[in-house]
Amino acid sequence: MFINFLRTNKIASGFLAIIRLYLGYEWIHAGWGKLSAGGFDASGFLGFAVKSATGEHPAVQGWWADFLTNFALPNIDLFNFLVPIGEFAIGLGLILGCFTKSAMFFGLMMNFAFMFSGTTSTNPQMVLLGIFIIIAGSNAGRLGLDHYISKFINRKIFSSKVSTNNLSNAS
């Protein structure tokens, strides 16, 4: 019942828009901070995460530390590029309500990556709110560009299928 409310109710779309704008602001702010400062370098953060995988009660699991050691750190230039651009793009998508579900999916992936690396900060809160956006589906972007994008796609795809079906039925 609650899921149906999130997915279909116009009032819910208003609350979801507020959540979406908050999350979008958090993401775009984080991304812009890294982009405008120039020279973002995640190697210190990732190195600390790897070190946090040792001891009696490690904050980082061994499999994640192995991923960081064997993939992320050797490709640090890629991560130094993707993290700020990704954060900014996620924020922009959420604020505009454009490809909301995709933006939120990638936002959740980054939140989980940060938490796997031993940080807490606002990540659990952002995950919890992001789950509402994902569950709501297209209703989360109803008060945004997704509303217009879905109308455009439906008109282009489904109207061409109707005319193709009508032509094949006529022959």
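**Helix H5 and its neighbours**

Trainee: In this predicted model, how far apart are the end C-alpha atoms of helix H5, and what span should its residues give?

Mentor: Helix H5 covers residues 76–96, which makes 21 residues, and at 1.5 Å a residue these should span 30 Å. The expected span is taken as 1.5 Å times one less than the number of residues. The end C-alpha atoms agree with that expectation, since they too are 30 Å apart.

Trainee: Which helices help to cover the buried residues of H5?

Mentor: The buried residues of H5 include Ile-76, Phe-79, Asn-80 and Val-83, and also Glu-87 and Leu-94. What covers the buried residues of H5 includes H2 (10–37), H3 (43–51), H4 (62–72) and H6 (100–116).

Trainee: Are H2 and H5 roughly parallel or roughly antiparallel to each other?

Mentor: Two packed helices are described by the angle between their axes and the distance between the axes. For H2 and H5 the angle is about 150 degrees, and the axes lie 7 Å apart. Angles over 145 degrees count as roughly antiparallel, and H2 and H5 are therefore roughly antiparallel.

Trainee: How many nonpolar residues does the contact of H2 with H5 have?

Mentor: H2 passes H5 in a left-handed crossing. The contact is made by residues including Leu-21, Trp-27 and Ile-28 of H2, together with residues of H5 that include Val-83, Phe-88 and Ile-95. By class, the contact has three charged and three polar residues, and its nonpolar residues number 17.

Trainee: What word describes how H5 and H6 lie to each other?

Mentor: H5 and H6 pack at an angle of about 140 degrees, with their axes 9 Å apart. Only angles over 145 degrees count as roughly antiparallel, and the crossing of H5 and H6 is left-handed. The two helices, H5 and H6, are therefore oblique.

Trainee: How many charged residues does the contact of H5 with H6 have?

Mentor: In H5, residues including Val-83, Glu-87 and Ile-90 meet residues of H6, among them Ala-103, Met-110 and Phe-114. By class, the contact of H5 with H6 has eight nonpolar residues and four polar ones, and its charged residues number one.

Trainee: Does Ile-95 count as buried or as partly exposed?

Mentor: Ile-95 has its place in helix H5, and, leaving aside its neighbours within four places in sequence, Ile-95 is in contact with Arg-20, Leu-21, Gly-24, Tyr-25 and Ile-28. Buried means under 20% relative accessible area, with exposed over 50% and partly exposed in between. At 31% relative accessibility, Ile-95 therefore counts as partly exposed.

Technical notes
Residues are numbered from 1 along each chain as its sequence is written. This is a predicted model: local features need pLDDT of at least 70, side-chain atom pairs count only at pLDDT 80 or more; totals for chains, interfaces and linings use all residues. Side-chain values use heavy atoms; hydrogens and water are left out. Helices (H or I, at least four residues) and strands (E, at least two) are DSSP runs, numbered from the N terminus. Buried means under 20% relative accessible area, exposed over 50%, partly exposed in between (1.4 Å probe, protein chains only). Contact means heavy atoms within 4.5 Å. Axes are lines fitted to C-alpha atoms, for helices over the stretch in contact, and angles run from 0 to 180 degrees between N-to-C directions. Angles under 35 degrees count as roughly parallel, over 145 as roughly antiparallel, 65 to 115 as roughly perpendicular and the rest as oblique. A crossing is left-handed if the near helix is turned anticlockwise from the far one by less than a right angle, and right-handed if clockwise. Ala, Val, Leu, Ile, Met, Phe, Trp, Tyr, Cys and Pro count as nonpolar, Asp, Glu, Lys and Arg as charged, and the others, Gly among them, as polar.
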